[in-house]
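Here are a few exercises to work through with the structure open in your viewer. Try each task before you read its solution.

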Amino acid sequence: MELDDLDIDSVTHATGIAQHKVRAVLRGEDLDPEELDAPLPERLAFLRETRRRDDGERYTYDQLAERAHVSKALISALFSGARNPGVPVAGALEDFFRVEPRFLTLSGRRALARALKPIEQSLLTLSLLRGAGVSRWAMRSSAASPDGKLGRALQEAITEVLSASDAQQDPEEQELIDLTNEVRALEKKKKARILVRMRGLLKG
């Protein structure tokens, strides 16, 4: 994986995990789970800071209390760490801030895995595109990505391959497609190991 292909800021925005920690995990560093598990007040403060009102100001405790249908005192207690929200209150706040369910309670590693899952296939496709030509069907079927930088990198790789050659499909090309499908079907841990080896081969 090329870290430059990822919009790390968008991963941080989706998870609340600091960019330097996201980069460390993606580099394969063995971080302690506690380093990724931010306490509730920190997660709430992150949401209040990054999901602002239309006028650019942070939501007040009164506004959050009204949207979550709780008292201002409870909101204040949540932000200070004096109280923990029940499932209904946590869900109401997550809905209001438009984040994934369990944003306030999910472990850091699970949150990071969830945020990266939608672009996992695109990363594999990009690695294959950079390493060899693939069929038009294979490229176009996996070109969509919610990640801005990754999406642009995919489009650039597709354009480069298509403009370089319009040769008919050969056995090596079909083998590459078959390999891609086999990797897709693997369980997550095996897929991760193969991706690491594949990236090493492509860089070598």
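**Exercise 1.** Work out where Lys188 is placed, and which surface patch Lys188 helps to form.

*Solution.*
- Start with the helix assignment of this predicted model: Lys188 sits in helix 12, which covers residues 188–203.
- Next, check accessibility. Lys188 has a relative accessible area of 57%, and the cut-off for exposed is over 50%, so Lys188 counts as exposed.
- Now look for its partners: Lys188 joins Arg102, Arg110, Arg114 and Lys117 in a positive surface patch.
- Finally, ask which helix gives the most to that patch. That's helix 8 (residues 108–131), with three residues.

**Exercise 2.** Find the residues that touch the most other members of the largest nonpolar core.

*Solution.*
- The core has 21 residues, and the ones touching the most other members are Ile75, Leu78, Leu93 and Leu104.
- Then sort by element: helix 4 (40–50), helix 5 (61–68), helix 6 (72–80) and helix 7 (87–97) each give two or more residues to this core.
- Helix 7 provides the largest share, five residues.

**Exercise 3.** Take His69 and Arg98: what is the sign of phi, and is each residue buried or exposed?

*Solution.*
- His69 isn't a glycine, yet its phi is positive, about 60°. You'll find His69 in the loop between helix 5 and helix 6.
- With 72% relative accessibility, His69 is exposed.
- Arg98 isn't a glycine either, and its phi is also positive at about 60°. Arg98 lies in the loop between helix 7 and helix 8.
- At 77% relative accessibility, Arg98 is exposed.

**Exercise 4.** Go through the salt bridges: how many does the structure hold, and which residues join into one network?

*Solution.*
- The total is five salt bridges.
- Begin with Arg52 and Glu49, whose side chains pair up at 2.4 Å, N to O. Arg52 is partly exposed at 32% relative accessible area, and Glu49 is partly exposed at 39%.
- Move on to Arg53 and Asp55: their closest N and O atoms are 2.8 Å apart.
- Then take Asp62 and Lys72, which meet in a salt bridge at 3.9 Å, N to O. This pair links distant parts of the chain, with Asp62 in helix 5 and Lys72 in helix 6, 10 residues apart.
- Asp62 has a relative accessible area of 46%, so it's partly exposed; Lys72, at 43%, is partly exposed too.
- To finish, follow the shared partners: Glu49, Arg52 and Arg58 are joined by salt bridges into one network.

Note on methods
Residues are numbered from 1 along each chain as its sequence is written. This is a predicted model: local features need pLDDT of at least 70, side-chain atom pairs count only at pLDDT 80 or more; totals for chains, interfaces and linings use all residues. Side-chain values use heavy atoms; hydrogens and water are left out. Patches are made of residues with over 30% relative accessible area and no salt bridge: like charges are joined within 9 Å, nonpolar side chains (Val, Leu, Ile, Met, Phe, Trp, Tyr) within 5 Å. Accessible areas come from the Shrake-Rupley method with a 1.4 Å probe; for residues, only the protein chains shown count as cover. A salt bridge is a side-chain nitrogen of Lys or Arg within 4 Å of a carboxyl oxygen of Asp or Glu. Lys and Arg count as positive and Asp and Glu as negative; His and the chain ends are not counted. The place of a charge is taken as NZ of Lys, CZ of Arg, CG of Asp or CD of Glu. Helices (H or I, at least four residues) and strands (E, at least two) are DSSP runs, numbered from the N terminus. Buried means under 20% relative accessible area, exposed over 50%, partly exposed in between (1.4 Å probe, protein chains only). A nonpolar core is a set of buried Ala, Val, Leu, Ile, Met, Phe, Trp, Tyr and Cys residues joined through side-chain atoms within 4.5 Å.
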